[in-house]
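Me: Here is a structure that is new to me. Please walk me through the reasons behind its labels.

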Amino acid sequence: IASTIVRLGRLGQIHKDVRPLAIESQHFATTGELQEFLETRQIVATTCLGIKDPLLSNLQFNYCLVDEASQITQPVCLGPIRLAKRFVLVGDHYQLSPLVRTPAARQGGLDVSLFQRLCDAHPEAAVHLASQYRMNADIMSLSNQLVYDGRMRCGSATVANARFEIPRQPSLSSPPSWVDHVLDPARSVIFCSTTNLGLFEQPLGQSISNPGEVDLVTTIIRCCLDRGVSGSAIGVISPYRGQLALLGPAL
């Protein structure tokens, strides 16, 4: 199938595994050879902004497939689909919407994707994929009830019943008592409230940080590693760059 695909875009911005398919990796003696090469590819892969490439100006596609369409502004999404007879938009407007910083643009509706507009206007054309393989049943239940009206399903019993695995007993002499509750495999979701600990947020440059919560996170990770959990199996997320600046050295 690789012989039917071409990837447009600058080579340095393309994943190394896909670079052999990039048009910059090919060699053509004439522009005619280049045009013939493009016309014989069944699949042309590029970004939504990449469709301004002059190589696409004379091409018409049977289908245009736009991934993550719910995160793309309407003008950007309209660009590629005008080159095709039919289009398929893939996304989830209940998750991230287009990032629009200008208040006037948001007031004008630019933060509403074409994906969402079409889903609202033509619900009969929308296909809802209900099976997911990312979360066990407990983790899924929150978004399923609050956002998806109970439509989501775990793709298999293995996914639904997945649990946090701790390979061995702790070896640290005196881990904090609360850690055992946090690392209880029977609990897939834990909320650790720091309300009564006096761990207040503070400014860090133009962002926000919380050194006390950094200490709590590093304690949890240290206890996970002590119990044999692989570091590559642990993810830490923060919405603040300032917090990330503290977490990096601490970890």
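Reply: The structure holds two aromatic pairs. Rings of Phe, Tyr and Trp (its six-membered ring) pair if their centres lie within 6.5 Å. This is a predicted model: local features need pLDDT of at least 70, side-chain atom pairs pLDDT 80 or more, while totals for chains, interfaces and linings use all residues. Residues are numbered from 1 along each chain as its sequence is written, and side-chain values use heavy atoms, without hydrogens and water.

Me: Why is the pair of Tyr94 and Tyr148 called edge-to-face?

Reply: Planes under 30 degrees apart count as stacked, over 60 as edge-to-face and the rest as tilted. The ring centres of Tyr94 and Tyr148 are 5.5 Å apart and the planes stand at 75°, so the pair is edge-to-face. The two residues are 54 residues apart and link distant parts of the chain.

Me: What makes Tyr148 buried or exposed?

Reply: Buried means under 20% relative accessible area, exposed over 50%, partly exposed in between (1.4 Å probe, protein chains only). Tyr148 has 12%, so Tyr148 counts as buried. Tyr94 has 44%, so Tyr94 is partly exposed.

Me: How do you know that the span of helix H8 agrees with its 16 residues?

Reply: Helices are DSSP runs (H or I, at least four residues), numbered from the N terminus. The expected span is 1.5 Å times one less than the number of residues. For H8, residues 211-226, that gives 22 Å; the end C-alpha atoms are 23 Å apart, so the span agrees.

Me: What follows H8?

Reply: Gly228 does, with a positive phi near 95°.
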